[in-house]
Every structure is written in C-alpha cells, then in structure tokens.
Amino acid sequence: WDTGVIAGSGIGGMDTIANTIVPLINEGKVRRLGSRVVEQVMGSGTSARISGLLGVGNQVTSNSSACSTGNEAIIDAMGRIRTGLAKRMIAGGSEGATPYIWGGFDAMRVLCRKFNDNPEAGSRPLSASAAGFVPGAGGAMLVLEELETALGRGARIYAEILGGYVNCGGQRMGGSMTAPNPEGVKRCIRGAVGDAGIDPAQVDAINGHLTATYADPYEVKNWAEALERTPENFPYIQSTKSLIGHCLGAAGAIECVAVVLELFKEFLHPSVNSGDVHPEIEKFAPKIPQKCLDVPEIKIIAKAGFNRWMVPPAALAIHLCIGMAYGFSVFWKPLQAVLLGADGKPLPECSAGAVTFSEKAAGTLKALAATDCNWSQFDLGWMYTFFFVLLGVSAAIWGGWLERAGPRKAGVVAALC
C-alpha cells in the first residue's frame, strides 16, 4: 500500500492501433482483437501492467507531456513521497519504435535525413551541422524511496533527487506551439534550483534536452542566464540523445537513468558528433565533453526536459502584417471616400444620424452607393491583402522546411518569398 507507479508515454501503442485494431475493425472482425487489446493501447497501460506484476496499492497512474513525460513522472513521484502519501514510487516513461509515430515528425521536416548513409553521425546535438533529431525508442523506470525506508531494507542507493520544477511557457512572450518561451525555460530552471535548496553555482553538470535542432544554442544560453554562469565557469553540458537519439516520451526517464549512473560511477559520457560546435555557443565548447570523463568531484547534475515544436512562426506573422498593411494602403483612398465626404467631414449617415449598429451599417451602405470612387482600386486592395496573406502562410510552411538551417536563415528566406 505504500508503493505506487507513475509510468508515462508520449504517444502510446500506435503499432497496435495501425497493424491490428484498424485492419480488424475495418474487416468486421472485432472478436479477433482479443480481450486485452484495450490494455495494449490505453494511455495507462504501462503503469497498469507494472502494477499488476508487482501488486502495488498506492497511486498507479500514467502521464503524457510529450518530451517532458519521463521527467514529469519522476517529479510527480518525488512530490508524492515528500508529502507522505507514499514511501516508494516507481516512475519513468516508455515509447515504442514505430514509423507511425516517427512519420509525423518526418512530415514536419525535423528528423535528420542528411546522414542516412552514415547513421552513426546522424544525432548531432550542439553541432553546427545538426540537421534534425534521430528518433529513438525504449523505456526506463526509477525506484524512488524515502531515505529511512531504503536504509531499513538495505537498498542500494545510487543518488538523491534534490528537487524539481514543472511549468509552461504558454502562448505568450514569444512562446507558442512552434517556439519555446525563453522566460518560461529560465523560470523552470530557477524553480528547480530553488526547490533543491542549492545555489546555482553548485550545479556541476547539465544533461540537457538538446535534440540537434536549431533550439540547442538557445537552450545553452537559457541555462547560462538562469544559472548566472559565464562560459568560463559554466558547468559541463552533455546530450544523451547524441548516443541514443530522441526517445520522445521516454527520453526524460532514460536520460535520468544516465545521470544517476554518472553520479554513482563518477563519470560523464561524451556528446558525440559535436566536434564542430555551433558558432552561437562556441565559447561554451570547452564545457562540452568530446570523450568520456572521469569526474569524481561532480556531485550535482541538472536534468532538463523541454517540450517544443520546431517550425519558425515569425514568417507567418510578418507576412500577415505586410499583406494587411499593403492592402490597406491601396484601398485607403476609396475607403476614406466612403467614410468621409468630399470636404473630408464625416458623412451624416455614418455619424450623428446613425445611433445603433444596424443604422450605422445602413448608413455606410447608403454612403457606398453615393460615393464616386474607383472601386477597382478597392477590389485591388483586397486582392493584394489576400495574396500576401496566402504568400505568408506558404512562406511560413517553407520556412519550417528550412528549420535545420536555423531560424534566422529560414526567416530571411521566408521573408524573401
């Protein structure tokens, strides 16, 4: 009754759905699905399975927060033990290996295609030649336990979780479904440091989210600002994804296991394929391990898990503004003739003579009928507006394809469209 499970997944059993459920249901062979098919695809299937194997009686739930799923599960489990609601929690995440998950990311043009002939070189976090992430799969679970109980049963203790923090950048301050909110990221880092009760200077190393997309340099800069560390005194920073790819909902849990083993065995694994460090973070290059390091002095490692999509949104907003501004400039004169008389004064139908909205609308229509202006210009203005808005949407999509070139280049190309 004192042990629980929080086991998450980013997307779930897509293979079972695609290869078994959909075909059999479409063929009308529902009975052939079997009685356990729901367990195989439900979001809480992993935690339910573990619970069934071990007979645990505390909280048994599953979470799903995309790439942050594993980290979030561990933080939630830590909180349950802290508050005395459990003595022991099994926490982590898993993700299956399936093209039905990866295909969506490939359609977004965020997977690495550049190194298909040399797959070992494909995953390149922190690199100037990073070309998108390499998808991975797997799972990891950690046993979290209050100290007294663990000591009482003679458990091998690998590490201690000092603290954690979860937040959301939200649709504000530059953040959206397509862009990380730097302020949100920094608040999350500071929150975790504060919850751990340590000084930012005590962080010896960072196991970053670092996926080999354009966002890697921004993540490093956010860490530097949040911890108030310069390139000279910056902690080591590494990416486990350089070794195993991006395991999506399982990434945080698997990488937490890597961090625990590093602390326990006093080493840091390298960030492979990062020899050509991205020019925007070149000053941090000495802090990126290129080979395995023996570091007995390291005591605290910060583990990050961030969610973000990777299509630059700026092009769309820029073109919407350009389109509306240009179109408005074209049809401003005929519009002015509609709203104002020849002498520049408001038409009576559109001012004091109209009291309600409907009367104002009727007055405006009367003014339109009475106005002598070049309506081809008015139509031309709307045409330009529509044209530029459509062009903006197209450019934003194309700019997304150029994500691997970085947001600046993608934005320039999109603007030139």
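A residue counts as buried when its relative accessible area is under 20%, as exposed when that area is over 50%, and as partly exposed in between. By this criterion 42% of the 417 residues of the chain count as buried. The structure described here is a predicted model.

## Overall make-up

The chain contains 14 helices and 9 strands. Among its contacts with a separation of 6 or more, 77% are accounted for by residues 24 or more positions apart. The surface that the chain exposes comes to about 21400 Å², and carbon and sulfur atoms supply 60% of this area.

## Nonpolar cores

The largest nonpolar core of the chain has 24 residues, and those with the most contacts inside it are I206, V220, W223, L227, F234 and I237. Two or more residues of this core are given by each of the helices α7, spanning 182-196, and α8, spanning 216-227. The largest share, which amounts to 5 residues, comes from α8. L227 shows what surrounds one of these core residues: with its neighbours within four places in sequence left aside, L227 is in contact with I189, V193, P200, V203, I206 and P235. Apart from this core lies another one of 12 residues, which includes A73, M78, A91 and C256.

## The crossing of α4 and α10

Two packed helices are described by the angle between their axes and the distance between the axes. For helix α4 (residues 69-82) and helix α10 (residues 251-265), the axes come within 5 Å and cross at roughly 70°. Because angles of 65 to 115 degrees count as roughly perpendicular, α4 is described as roughly perpendicular to α10. On the α4 side the contact is made by G70, N71 and I74, and on the α10 side by G252, A253 and C256. The residues of this contact divide into 3 nonpolar and 3 polar, with no charged residue among them.

## Helix α1 and what follows

Helix α1 covers residues 14-26, and within this helix T16, I21 and L24 are buried. The buried residues of α1 pack against α2, which spans 37-41. After α1 comes G28, a residue with a positive phi near 75°.

## Individual positions

Several single residues can be set side by side by place and accessibility.

| Residue | Place | Relative accessibility |
|---|---|---|
| T98 | loop between β3 (88-95) and α5 (99-107) | 2%, buried |
| L248 | loop between α9 (241-244) and α10 | 4%, buried |
| I50 | helix α3 (residues 45-54) | 16%, buried |
| E266 | loop between α10 and β7 (267-268) | 35%, partly exposed |
| D294 | strand β8 (residues 293-294) | 69%, exposed |

T98 has a place in a loop, yet T98 counts as buried because its relative accessibility is 2%, and buried means under 20%. With neighbours within four places in sequence left aside, T98 is in contact with M14 and D15.

L248 is likewise a loop residue, placed between α9 and α10, and L248 has a positive phi of about 55° although it is not a glycine. At a relative accessibility of 4%, L248 counts as buried.

I50, which belongs to helix α3, is buried with a relative accessible area of 16%. Although I50 and A7 are 43 residues apart in sequence, their C-alpha atoms are 8.6 Å apart in space. When residues up to four places away in sequence are not counted, I50 touches V5, A7 and M141.

E266 is placed in the loop between α10 and β7, and E266 too is a residue other than glycine with a positive phi, here about 60°. Its relative accessibility of 35% makes E266 partly exposed. D294, in strand β8, is exposed, with a relative accessible area of 69%.

Which residues does D294 touch, not counting residues up to four places away in sequence? They are E266 and F267. Along the chain D294 and E266 are 28 residues apart, while a distance of 6.2 Å separates their C-alpha atoms.

How values were computed
Residues numbered from 1 in each chain as written. Predicted model: local features only at pLDDT ≥ 70, side-chain atom pairs only at ≥ 80, totals over all residues. Heavy atoms only, no water. Buried < 20%, exposed > 50% of the residue type's maximum accessible area, 1.4 Å probe, protein only. Contact = heavy atoms within 4.5 Å. Areas by Shrake-Rupley, 256 points an atom, 1.4 Å probe, with all protein chains shown as cover. Core = buried A, V, L, I, M, F, W, Y, C linked by side-chain atoms within 4.5 Å. Axes fitted to C-alpha atoms, helices over the stretch in contact; angles between N-to-C directions. Parallel < 35°, antiparallel > 145°, perpendicular 65-115°, else oblique. Nonpolar A, V, L, I, M, F, W, Y, C, P; charged D, E, K, R; others polar.
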